[in-house]
Amino acid sequence: MPVAASAIYFLNLRGDVLINRLYRDDVGGNMVDAFRMHIMQTKELGTCPVRQIGGCSFFYMRISNVYVVIVVSSNANVACAFKFVVEAVSMFKSYFGGAFDEDAIRNNFVLIYELLDEIMDFGYPQNLSPEILKLYITQEGVRSPFSSKASDKPIPNATLQVTGAVGWRREGLVYKKNEVFLDIVESVNLLMSSKGSVLRCDVTGKILMKCFLSGMPDLKLGLNDKIGLEKESQMKSRPAKSGKTIELDDVTFHQCVNLTRFNSEKTVSFVPPDGEFELMKYRITEGVNLPFRVLPTIKELGRTRMEVNVKVKSVFGAKMFALGVVVKIPVPKQTAKTSFQVTSGRAKYNAAIDCLVWKIRKFPGQTEPTLSAEVELISTMAEKKSWTKPPIQMEFQVPMFTASGLRVRCGRRVGITQSSGFAILPRLAHMRSGARNTGFTIGSYQRT
């Protein structure tokens, strides 16, 4: 269910209530005292952002020198609550000139109360878009003296956007040249055993778009999704086109996508926002094309020496290349000295993370660079514990390559022919390792 918040509090670092709003009568006004006594005074603020005291749950987040606390008395959606806080803070910043702190709240009491009445009704989140709220809450907040952000101009045709018809795009846009740029960005997560068998593999991706279109365009994208192609062939009463298809496991869309049409026709139909936005996210677990194969071998020569050999083979086309390739090879903590021989790139020992770091700026396809390293270990009198051999990690970017095989088959503006000046330009489709989730994880070394 949605948030169903009973109350929201804004506290400073001392626990003083700066401003609060009660949306339901199922909690008392003294609930903030329980938060102050059981959480703030016990110094447990950094342990968990969700705490349950008595029959109420507290969801809290620190923004600058302010704690935003949501109190609920029922089983609410925690992720929705924190998403509401993030969007509300972003909306407040747009009114306060980019600042959200204790001084900004004290200087804008009246405006904040008015906004809290609009963005949440009986504990349920409503419209938090600053562009739409500024159409009918025109009061300007006391801006921070350090903010140089200019005031947003009012958007024309307020009636259409306030009713929620197309709240993410304003009317009256005119461009001399209509263009749409499209990026497909994917992150591959792989766990492979020392024998080369894949233990776990999945791809998470997103489609990014940048639109410069006049008017209120209705766009339609066709993907090589298996279910979508079968649905299209049934509607047109003809066999599906041959070619590789994929199965999307999890899909989330931008609010501009027509979900009703997607459920019935399996096509992505939408009125795009102006500028850059994220159209959709997806996850794929079957039929993943691995761009690299990592073949590691380790030899332990007594108690004080090791030999490490790692071969990385690129399996994509010879005309393609990877950028920013980083291979991290773990070594024991008692490493004293290392020496390297690499056929491409540079390598060094990073004592902070206990890894041999091999960097290749440009990695062509169908090549097999190798790394050979000799590792000298510090001899200790204590009993030697078996080394757990952590997995190898790999980070990379491969332009014009998708591990999932996702392709945009077609893109058109509904009701307007291609000769009318609308063109989709696939600017860049590439696969890269995630910033948090590494591109490859090799389960263990081959030990000889």
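A polar contact is a pair of N or O atoms within 3.5 Å. The model used in these exercises is predicted.

**Exercise 1.** Find which residue caps the N-terminal end of H2, and compare the span of H2 with the expected value.

*Solution.*
- Start at the cap. A side-chain oxygen of Asn77 lies 3.1 Å from the backbone nitrogen of Ala79. That distance is within the 3.5 Å cut-off. Asn77 caps the helix.
- Take the span next. H2 covers residues 78-96, 19 in number. From first C-alpha to last it reaches 27 Å, close to the 27 Å expected at 1.5 Å a residue.
- Finish at the other end. Gly97 follows H2, with a positive phi near 80°.

**Exercise 2.** Work out the strand order of the open five-strand sheet and name the strands at its edges.

*Solution.*
- The order is S2-S1-S5-S4-S3, with antiparallel pairing.
- S2 (17-22) and S3 (50-53) each have a single partner strand, so one side of each is left without a neighbour in the sheet. These two are the edges.
- The twist averages 20° from one strand to the next.
- Look inside the sheet. S4 (residues 56-63) and S5 (residues 66-72) share seven bridges. Ile63 has Val66 in S5 as its bridge partner.

**Exercise 3.** Place H2 and H4 against the strands they lie across.

*Solution.*
- H2 lies across S1, S3, S4 and S5, at about 35° to S4.
- Buried residues of H2 include Phe82, Val85, Val89 and Phe92.
- H4 (residues 109-119) lies across S1 and S2. Its angle to S2 is about 30°.

Definitions and conventions:
Residues are numbered from 1 along each chain as its sequence is written. This is a predicted model: local features need pLDDT of at least 70, side-chain atom pairs count only at pLDDT 80 or more; totals for chains, interfaces and linings use all residues. Side-chain values use heavy atoms; hydrogens and water are left out. Helices (H or I, at least four residues) and strands (E, at least two) are DSSP runs, numbered from the N terminus. The expected span of a helix is 1.5 Å times one less than its number of residues. Buried means under 20% relative accessible area, exposed over 50%, partly exposed in between (1.4 Å probe, protein chains only). A polar contact is a pair of N or O atoms within 3.5 Å; within protein, one must be able to donate a hydrogen and the other to accept it, and residues adjacent in sequence count only if both atoms are side-chain atoms. Two strands pair if DSSP finds at least two bridges between them. Axes are lines fitted to C-alpha atoms, for helices over the stretch in contact, and angles run from 0 to 180 degrees between N-to-C directions. Contact means heavy atoms within 4.5 Å.
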